Amino acid sequence: MSYRVLARKWRPQKFEDIVGQEPIVRTLQNALRRNRVAHAMIFSGVRGVGKTTIARIMAKAINCHNQADAPCDHCSSCEAIVAGNAMDLHEIDGASNRGIQEIRDLKENIRFMPVQERFKVVIIDEVHMLTTEAFNALLKTLEEPPEHVFFMFATTEIHKVPVTILSRCQRYELKRVPFKVLNEFFATIAVREGVTVSQAALDIIAGEADGSVRDGLSLLDQIFSFGGDTVSEDDLRLVLGLVDRRIFAKISEALLAADLALALTLLNETYCQGMDLKRFAHGLLFFCRALLIGKTSKAPAAILDISDQEMALVKEIAAQYSLETLSSVFGLMMKGVEELQYAAHPRMVLEMLFVKTVQAGSIVPVSSLLSRLDLLLSGLPQPVTPTAARVVIPTAEPSARQEGGTVASPLSPDTAGQSISPSRPSNSGGVLTKPAVKADVVVTEGGEALDVADDCEEEDEISAEVACSSGAVPPPLSPAKSRDVQRDWDAFIAHVRERKKWMAGTLAQADKVKEEDGALTIFYDEASECHMLQEVANQRLLIEFAQDFFQKELALHIVVAGESVGGELDQPQEERRALANDPRVQIAVEVMGGRVTGIRTGPRSR
């Protein structure tokens with residue numbers, strides 16, 4: 001007689017032998033005792049949990065001659081089903097007999113009365129593989145079956161079964177067998193087979209079975225063939241190519257401790273042992289998940305199918321790190337495993353994943369940082385730090401400008417008398433909340449205002465910088481930086497080039513420049529070199545650029561071959577004075593306790 005594998009040899013023959021499905025077993029036994037067995041039942045669940053086995057036991061129980069202890073396994077009906085020659089049991093593989101013709105033949109067969117027993121039983125395994133036409137052919141028969149027929153279906157993908165079929169059947173969802181139940185069952189099988197298996201090896205087999213009794217028995221059968229009368233943990237890793245789960249703990253500890261060298265060394269050892277890196281990565285991912293659950297769950301043993309020793313190790317590692325750190329590592333690991341599925345070089349992907357995980361570092365919760373900051377600030381005096389705010393004042397429309405060189409007040413009559421209050425007052429200044437005023441923070445270092453705000457993109461905006469301090473209000477206008485016309489002329493040309501390239505080229509052709517009596521004088525040898533600068537609009541624009549850069553009230557003189565061309569333009573100076581005395585600027589100075597350090601009237605767009 002040929003050898004029977006453990007999965008067949010130890011296949012349950014009675015309800016009492018079924019492992020890990022107690023609620024379903026109890027329901028079916030009570031249905032038999034009370035004669036309430038449904039004419040159609042469907043059993044679903046993952047592979048190897050006993051779907052087809054329960055269907056066969058039900059088939060024996062329905063026709064068992066000893067109804068008090070069904071199935072008894074001693075009557076002729078039970079023995080015929082066990083031997084596989086029962087004439088009134090029709091077991092069909094749904095994957096091989098999936099067409100409508102096979103279902104028509106089945107319907108024709110069940111029309112006749114049983115040959116030997118009281119009932120005919122039809123078992124269709126993997127019923128989800130039937131075609132739509134085959135399912136439709138079954139509908140009427142399932143709804144009104146003959147009195148002598150029972151249908152039992154088994155499937156691993158119940159979502160593929162039409163709802164019209166499901167509504168005509170009693171559904172039984174088989175769950176994964178728990179880790180401890182599998183461990184005890186495999187230990188019993190080892191004793192009955194006369195093989196000594198270490199507890200560590202049983203833990204590995206139960207974990208690899210992943211809730212499937214048949215998968216675990218197949219692994220156990222394979223290791224029995226290798227180890228003989230004694231099976232150790234090393235034998236298991238050698239034969240099945242499994243990784244010692246302690247390596248996952250070591251690598252996880254190395255990554256959490258930012259020890260990249262140790263993590264890469266452990267990875268290299270695993271690789272040299274011939275372990276499939278994709279399978280290894282999945283194991284590492286599940287260990288990181290165990291750390292996260294061990295940190296958050298009050299009863300992690302109810303969620304994780306791991307041994308007591310591994311559970312203790314998980315809790316010990318998880319207690320050393322914050323939830324944010326563990327979740328960050330788990331997220332990086334999950335993303336890396338997804339990339340690994342399609343990688344041509346899995347080892348490189350894993351190494352880069354380790355580098356990213358170590359670089360992430362320990363994450364401190366925001367709440368902890370804030371609490372530390374509050375403790376730090378509560379014990380220190382509040383320093384007075386000079387800051388600065390930029391008050392951006394929209395200019396008046398061109399039609400509102402007067403020809404005499406003055407600028408209309410930006411404040412309307414309705415808002416001129418209103419005060420502006422800071423939205424968040426502090427020792428270092430505030431933020432203006434007036435709708436017509438925009439304010440940016442300007443950091444000061446050593447008394448020098450450093451504007452960190454981005455340049456405005458609207459050419460019609462004029463801004464005034466207000467440096468805030470805690471003292472009294474100084475004079476309205478004082479230069480923030482001391483720039484000299486001759487010394488900083490090249491920098492001024494670069495400043496102009498960012499705004500008007502042609503004008504920068506014209507200024508670069510100047511013979512010489514000088515500043516005297518509050519006027520910028522530019523000398524040219526030929527009129528063709530400064531033809532466009534002789535226009536009034538361009539001269540006004542140049543004055544605005546010069547005043548913004550040098551922060552001085554400058555007039556403009558252009559001298560060509562010893563003769564002055566054009567006249568002084570006082571309008572920009574008048575605008576600067578009007579802006580310095582603008583009510584909103586004065587309010588900002590008063591509220592923030594500062595002084596005006598700079599006024600910009602030229603276009604800001606580049």
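How do the residues in the lining of the largest cavity divide by class: nonpolar, polar and charged? In this predicted model, the answer is seven nonpolar, three polar and two charged residues. Let's take a friendly tour of the spaces inside the protein, and then step out to its surface.

## The largest cavity

The structure holds five cavities of 30 Å³ or more, and the largest of them has a volume of about 80 Å³. Two elements, helix H3 (51–63) and helix H4 (76–83), give two or more residues each to its lining. H4 gives the most, with three residues.

If you would like to find this cavity on your screen, its lining is made by Ala 59, Asn 63, Ser 77, Ala 80, Ile 81, Ala 86, Met 87, Asp 88, Leu 89, Gln 116, Glu 117 and Val 121.

## The second largest cavity

Next comes a cavity with a volume of about 60 Å³. Around it you will find Ser 252, Leu 255, Leu 256, Cys 288, Leu 291, Leu 292, Leu 326, Val 329 and Phe 330. By class, eight of these lining residues are nonpolar and one is polar, with no charged residue among them.

Which helices supply at least two residues each to the lining of the second largest cavity? They are H12, H14 and helix H16 (323–340).

## The largest pocket

Now to the largest pocket, where about 1000 Å³ of space lies. Its lining counts 36 residues, and Gly 207, Arg 245, Asp 305, Ile 306 and Glu 310 are those that lie nearest the centre of the pocket. The lining as a whole divides into 17 nonpolar, seven polar and 12 charged residues.

Several helices take part in this lining. At least two residues each come from helix H8 (179–193), helix H9 (199–209), helix H12 (245–256), helix H14 (277–296) and helix H15 (308–318). You have met two of these helices already: H12 and H14 also supply at least two residues each to the lining of the second largest cavity.

## A leucine patch on the surface

Finally, let's look at the outside. Which residues make a nonpolar surface patch of about 360 Å²? This patch is made by Leu 370, Leu 373, Leu 376 and Leu 377. To place it along the chain, look for helix H18 (residues 366–378), where Leu 376 sits.

Key:
Residues are numbered from 1 along each chain as its sequence is written. This is a predicted model: local features need pLDDT of at least 70, side-chain atom pairs count only at pLDDT 80 or more; totals for chains, interfaces and linings use all residues. Side-chain values use heavy atoms; hydrogens and water are left out. Patches are made of residues with over 30% relative accessible area and no salt bridge: like charges are joined within 9 Å, nonpolar side chains (Val, Leu, Ile, Met, Phe, Trp, Tyr) within 5 Å. Accessible areas come from the Shrake-Rupley method with a 1.4 Å probe; for residues, only the protein chains shown count as cover. A salt bridge is a side-chain nitrogen of Lys or Arg within 4 Å of a carboxyl oxygen of Asp or Glu. Helices (H or I, at least four residues) and strands (E, at least two) are DSSP runs, numbered from the N terminus. On a 1 Å grid over the protein atoms alone, a cavity is a set of points where a 1.4 Å probe fits but cannot get out, and a pocket is an open set with protein on both sides within 12 Å along at least five of seven lines; lining residues have an atom within 4 Å of a point. Grid points are joined across faces, edges and corners, and a volume is the space filled by probe spheres set on the points. Ala, Val, Leu, Ile, Met, Phe, Trp, Tyr, Cys and Pro count as nonpolar, Asp, Glu, Lys and Arg as charged, and the others, Gly among them, as polar.
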